[in-house]
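User: I am new to this structure and would like to understand why its features carry the names they do. Could you take me through them with care?

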Amino acid sequence: MFDTLREIHISDIDIRDERYRISPESENISFLSHSIKKMGLMNPPVVRPMDDGKFILISGFNRIKALQQNNESKVRVRSTDTHIDDYHCLLFAVATLAFKRPLTQVELIISIKRLSRYLDREDMTKISSAVFNTQLAQEFIDDLMNIGSLPSPALKLIHTGQLSLKSAKKLVRLDLDAISFFLDIFSKIRASASVQLELIQNILETSLREGVHPKSLFQELNLPNPLDGETVDMAIRTHHFRTLVFEQRYPVLSRTRQAVQDKIASVKLPGTIKLIPPENFESRKYSISFTVKNHEEFEKNIQHLTDALENMTLREILDS
Amino acid sequence: MKIETLFMDNLLPLDDETEYLISRIHLKPQKIHDSGEVYDFINQADDPVSLAKKTLYITQNKGAVIRNCPGTCHYTCCDYTILHTGTFCTMDCAYCILQAYFHPPVLQYFAGLDQIGQELQAVFRQNKIFRIGTGEYTDSLIWEKVSLMPEFLVKTFAGQKNSVLELKTKTVNIESLISLDHNEKTIMAWSLNTPEIIRSQEKGTASLTARLEAAKQAESKGYRLAFHFDPIVIYPGCEDQYKKVIQKIFEYVRPETIVWISLGTFRFMPGLKAVIEKRFPESTLCYGEFIQGLDNKMRYFKPLRIHIYKEMIAGLKAYAPDVFLYFCMEDEEVWEKCLGFFPGKERELGRLLDQCAAGRCNLNRALI
Ligand code: SF4
């Protein structure tokens with residue numbers, strides 16, 4: 001399958017042809033450039049010779065880019081023989097990386113999407129351990145293929161951790177407008193996988209209840225979308241957005257919680273004493289707790305609670 | 001929904017009851033040795049629930065024929081007794097818990113009037129009031145047109161004085177029962193909802209008007225009546241809609257013939273949501289403000305429940321101040337805020353319902 005090592009001109013490599021590329025492009029390759037400068041190229045890229053005398057890359061995209069950055073004109077490569085086919089080049093590209101380190105989710109998705117041109121899901125499952133260095137179930141392969149068909153920037157968001165596979169799987173079932181709407185949201189926030197799922201569910205359920213498309217939910221409800229415009233920090237923006245979405249999904253619950261929190265704040269208990277309402281107000285049990293370091297603090301807290309007995313708002317909270 | 005496939009236990013005798021049933025269903029039963037064959041048949045479908053609604057399995061009840069209703073902790077239960085005559089239903093309500101309760105659901109008809117008769121006689125001999133219903137795991141009257149069971153039950157209950165039979169339904173299948181001598185021991189009960197909910201969520205059921213017309217007809221023959229607002233669904237404008245339903249009840253029937261009216265807002269096991277979303281993609285039932293209740297079922301946020309209950313109770317009290325109203329599975333706070341009392345003592349609600357049954361159905365009051 002492979003000829004021996006040979007030296008070629010970098011300009012003879014068609015680096016725009018990325019048919020075997022399975023890793024997203026690294027934004028910063030300065031470390032790699034520096035390393036090559038200091039120690040030379042440790043692993044030669046693998047290329048496929050084409051009929052026109054040019055080459056296309058099977059592996060080593062970043063290395064070639066780093067060499068270009070170092071103004072190198074030639075590179076030692078491993079070249080395949082001339083009659084190797086596309087399928088085997090792709091298999092080689094995937095397996096080389098998978099046996100070097102576990103593939104990232106995005107690499108797995110890209111690999112499966114590309115291989116699906118040659119293999120059905122059943123065959124892919126059969127060869128998965130030999131190619132991906134792990135056994136993949138058919139259902140998982142289906143999911144990854146579906147996720148791979150999501151429009152951009154889905155893969156980029158998965159790569160940056162802004163979209164979990166589970167959330168992506170939920171999006172796959174939606175129409176294109178809704179998918180784009182959610183991808184836009186996730187490109188503007190940074191939420192844990194469970195919060196992403198909560199957001200998707202709450203937005204979809206509110207839209208269904210209101211009979212509007214998710215993408216016009218905010219306009220229909222006359223709400224300012226906290227993701228529009230310049231909002232500060234990503235974490236604050238995420239928090240505001242999550243709160244807004246929850247308020248639309250559970251309006252009465254949200255208002256009740258807020259009203260009770262306001263009332264609790266107006267009782268002005270000291271910071272050491274916590275008055276916690278029952279979860280979702282289904283039971284009537286409020287919990288009151290305080291922490292003490294010594295007996296004196298204990299006495300103080302008891303005194304605060306005794307004073308609070310006269311507080312009408314507290315009575316209202318507990319007896320409502 | 002029309003039955004398309006009929007299975008029958010091989011060992012089940014062909015007697016008057018089964019012959020009558022088979023002759024009216026107009027299908028030749030496939031005799032089976034093992035119930036697994038029915039389960040396999042249903043499970044192979046893409047939508048086992050829908051297939052199960054068209055597949056009848058005539059069998060014998062191998063478990064307890066008479067059992068206590070499984071209430072849930074934290075919420076007050078009414079001490080009902082279930083007469084287990086079958087499972088599942090031919091109608092197709094989006095919210096039906098039976099879709100998720102059985103895996104897979106099987107439409108079973110439990111043949112064996114003798115067995116049921118004997119078990120009931122044992123109940124009738126006890127010194128205790130019983131409120132017995134067949135509508136817990138099925139609709140009480142789905143088989144009325146093809147089965148001898150409803151008639152048998154009404155007649156059997158007519159001959160005793162310590163139990164009432166409640167036939168709870170969304171059908172208008174009362175033809176075979178209407179002229180029976182029921183001796184006031186059968187309560188014909190209808191689950192009611194707003195026309196909008198009936199139209200959108202209760203596929204295959206009778207309309208509100210048809211149910212009330214049937215109730216009126218039953219009343220005219222001396223039957224005692226009950227109504228169940230369950231599940232009450234909260235949606236914009238529902239207060240007025242439910243009040244209109246209440247008004248309509250009393251355009252058809254008199255308060256004096258109503259033994260009780262229950263109210264219960266929609267609640268569901270979390271697993272039901274996925275079933276509803278899959279089988280009824282148009283339904284927005286599950287997108288109300290549901291929180292997880294203390295029994296782990298999803299329930300409307302309590303202030304919403306209290307609000308709709310108060311509105312409905314005010315409407316009901318205006319027309320029927322003396323009719324006993326109760327909640328199905330609610331807690332002390334809801335009872336107190338909406339009805340002004342809480343049957344907190346053990347079996348208290350059951351005792352109150354026994355009193356209603358005794359008063360309106362002429363049971364032996366000494367047993368309360
Ligand atoms: S009538 Fe009752 S048993 Fe039948 S589908 Fe509706 S809720 Fe279920």
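**How the features earn their names**

Analyst: Helix 4 (residues 105-115) and helix 5 (residues 121-132) of chain A pack at an angle of about 130°, and their axes are 13 Å apart. Helices here are DSSP runs of H or I with at least four residues, strands are runs of E with at least two, and both are numbered from the N terminus. This is a predicted model, in which local features need pLDDT of at least 70 and side-chain atom pairs count only at pLDDT 80 or more, while totals for chains, interfaces and linings use all residues. Residues are numbered from 1 along each chain as its sequence is written, chains are lettered from A and ligands numbered from 1 in the order in which they are written, and side-chain values use heavy atoms, with hydrogens and water left out.

User: Why are helix 4 of chain A and helix 5 of chain A called oblique to each other?

Analyst: The angle, taken from 0 to 180 degrees between N-to-C directions of lines fitted to C-alpha atoms, for helices over the stretch in contact, is about 130°. Angles under 35 degrees count as roughly parallel, over 145 as roughly antiparallel, 65 to 115 as roughly perpendicular and the rest as oblique. The two helices are therefore oblique to each other.

User: What makes the contact between A:Asp86 and A:Arg48 a salt bridge?

Analyst: The term asks for a side-chain nitrogen of Lys or Arg within 4 Å of a carboxyl oxygen of Asp or Glu, and the side chains of A:Asp86 and A:Arg48 meet at 2.9 Å, N to O. A:Asp86 lies in helix 3 (residues 86-98) of chain A and A:Arg48 in strand 2 (residues 46-49) of chain A, so the pair ties together parts that are 38 residues apart in sequence.

User: Which of the words buried or partly exposed applies to A:Asp86, and which to A:Arg48?

Analyst: Buried means under 20% relative accessible area, exposed means over 50%, and partly exposed lies in between, with a 1.4 Å probe and protein chains only. A:Asp86 has 24% and is therefore partly exposed, whereas A:Arg48, at 12%, counts as buried.

User: How do you know that B:Lys203 and B:Asp92 form a salt bridge?

Analyst: Their side chains meet at 3.8 Å, N to O, which is within the 4 Å that the term allows. B:Lys203 is in strand 12 (residues 202-203) of chain B and B:Asp92 in strand 7 (residues 92-93) of chain B, so the pair joins parts that are 111 residues apart in sequence. B:Asp92 counts as buried because its relative accessibility is 3%.

User: How many salt bridges does a search of the whole structure find?

Analyst: The search finds 41 over all chains. Another of these pairs is A:Asp143 with A:Lys169, at 3.3 Å, N to O; A:Asp143 is in helix 6 of chain A and A:Lys169 in helix 8 (residues 165-172) of chain A, 26 residues apart. A:Asp143 is buried, at 17%, and A:Lys169 is partly exposed, at 35%.

User: What is noted about phi of B:Glu184?

Analyst: Phi of B:Glu184 is near 60°, a positive value in a residue other than glycine. B:Glu184 is found in the loop between strand 10 (163-169) and strand 11 (186-191) of chain B, and its relative accessible area of 24% makes it partly exposed.
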